[in-house]
Amino acid sequence: MDHSRVPVLEALLEFRRRGDVVIGPPGHRQGTGADPRVLEVVGEGVFASDVLAMGGLDDRRQSQGVVEQAQQLMADAVGAETAFFSTCGSSLSVKTAMLSVAGPGEKLLVSRNSHKSVVAGLILAGIQPVWVHPHHDDRWDLVHPPEPADVESALAAHPDAKGMLLITPTDWGTCADIAGVARVCHERGVPLIVDEAWGAHLPFHDDLPTWGMDAGADLVVTSVHKMGSAVEQSSVFHLQGDLVDPTVLKQREDLLGTTSASSLVFLTLDGWRRQMVEQGAELLTAAIARAGRIRDVARDLPGIAVMGEEVLGPKGAFELDPLVLTMDVRGLGITGYQAAEWLRAEQHLDIGSADACRISSRFTYGDDDAAERRVVEGLRALVEGAAGIERPPHVALPGPGELELESVMLPRDAFFGPTEQVPVAQAVGRVGAEMISPYPPGVPAVAPGERITQAVVDYLTTGVAAGMLIPDSADPELKTIRVVAD
């Protein structure tokens, strides 16, 4: 295919050339109705590019298939048979994928380190999750993705499961053995969904971890805004094989998606695909080298431990994304929350992810020499200034298995059924009726339908006291928890 073509961008240019007068949405009329004070901040180009996909960029009655052409080019670029654009982020794409494989009351194997959007999909669809638990790393106090043997055991115990949903890469850059998991799933004739939200860049460089389509996954969801150069909410789901019906997938997307899709998302997805096909290898080579230089500096800083290849192996990670720099800062006597807040306040450096133990940054080809200097200077300043940061309160980190809560109800039944708000101390032993997701990474420590334990309460309450954010709980301060009514 001709990857110099960018159908959506070309259609926008043609729309401007024609000089159409649009008497319909969007109401800002390509910026003529926008508040000048807004234009001053975001620029005229944003509004001028905000055009209806149908009846604007494309013909409403006899569609020229502008978006379809762009999707075909995307599929060809990454080795998929079919690609669908989503303008609602991978939070919607992963729900679409799940609903295309399992329905109300049916079982789906799900990696328990899934983002809250996956749990939301379980709730909306009424799917019964069969949790496949990741492996706890005692040294780093984090978890690595499930392995093929874990999936094989779960499928043996639940032969009626409709498929498997795997999360890779994780928020900390560790990756699963996708090919091994795909092989296990396909031996039983069920599809593998890979939530590869952090992996849109993977198809475009040989030194990056294995891309899900190349590894045999049936359906792969990516967030191009995370590691690519499309705008926020840009997501694509990719399909191959015959285990997921593309018509079903499109109908599920139509069920959940917006009827007012953003052309800004479409055109930046289209442009990013062209950029990656034409320049991706060169751009990513430079980004990998830059990340390596920063990693070398971080390794030499006292009090900072850089996660590396020591995590590879059985019960650990299968691969690591070299563009991810995960650093444990407990040796500085502070939490990751404190490190991130200090870097933002004192160095004007937004580091990325942070939790009680670590901070993590993801580098892309959008970073330049100035950004590299700022990161290096910021990390050195953090080491020098850590002694002046207030000592943090203790966080009761969960040990191996302590976040593997017992599921006693369907997430849907617990979430939509009768509930009550109880003091946190009284929640132990009760069944959770809400998601409680420390952010980042946004993985629920408690999902609806799980029985709450003392260990998870201790972790969450001490975490909140130390700076943990829980934006989805009814009570973000976690003085109370919503549980299933007795």
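**Helix α1, the seven-stranded sheet and the cysteines**

Helix α1 buries Pro7, Val8, Ala11, Leu12 and Phe15. Because these residues span an arc of only 140 degrees around the axis, they fall on the same side of α1. An α-helix has 3.6 residues a turn, so residues three or four places apart point the same way. On the other side of α1, by contrast, Leu13 and Arg17 are exposed. All of this is read from a predicted model, and the descriptions that follow rest on that model too.

The buried residues of α1 have packing partners in three other helices: α3 (44-48), α4 (66-78) and α11 (263-299). Helix α1 itself takes in residues 7-18, twelve residues in total. From the first C-alpha to the last, α1 reaches 16 Å, which is close to the 16 Å expected at 1.5 Å a residue. Just after the helix comes Gly19, with a positive phi of about 70 degrees.

Attention now turns to the sheet. Seven strands form an open sheet with mixed pairing, and their order is β1-β10-β9-β8-β6-β2-β3. The edges are taken by β1 (82-86) and β3 (128-132), each of which pairs on one side only. From one strand to the next, the twist averages 20 degrees.

At the β3 edge, the pairing can be followed down to individual residues. Strand β2, made up of residues 107-111, runs parallel to β3, and five bridges link the two. In one of the bridges, Lys107 has Gln128 of β3 as its partner. Elsewhere in the sheet, β6 (164-167) and β8 (192-195) are crossed by helix α8, which covers residues 178-187. The direction of α8 makes an angle of about 155 degrees with that of β8.

The cysteines complete the picture. How many disulfides does a search of the whole structure find? The count is zero. For Cys175, distance explains the absence: the closest cysteine sulfur, in Cys185, is 18 Å from the sulfur of Cys175, so the two are too far apart for a bond. A disulfide would need the two sulfur atoms within 2.5 Å. Cys175 is also buried, as its relative accessible area is 3%. Cys357 is likewise buried, with a relative accessible area of 2%.

Terms used: Residues numbered from 1 in each chain as written. Predicted model: local features only at pLDDT ≥ 70, side-chain atom pairs only at ≥ 80, totals over all residues. Heavy atoms only, no water. Pairing = 2+ DSSP bridges. Helix = DSSP H or I, 4+ residues; strand = E, 2+ residues; numbered from the N terminus. Axes fitted to C-alpha atoms, helices over the stretch in contact; angles between N-to-C directions. Contact = heavy atoms within 4.5 Å. Buried < 20%, exposed > 50% of the residue type's maximum accessible area, 1.4 Å probe, protein only. Expected span 1.5 Å × (residues − 1). Arc of directions from axis to C-beta.
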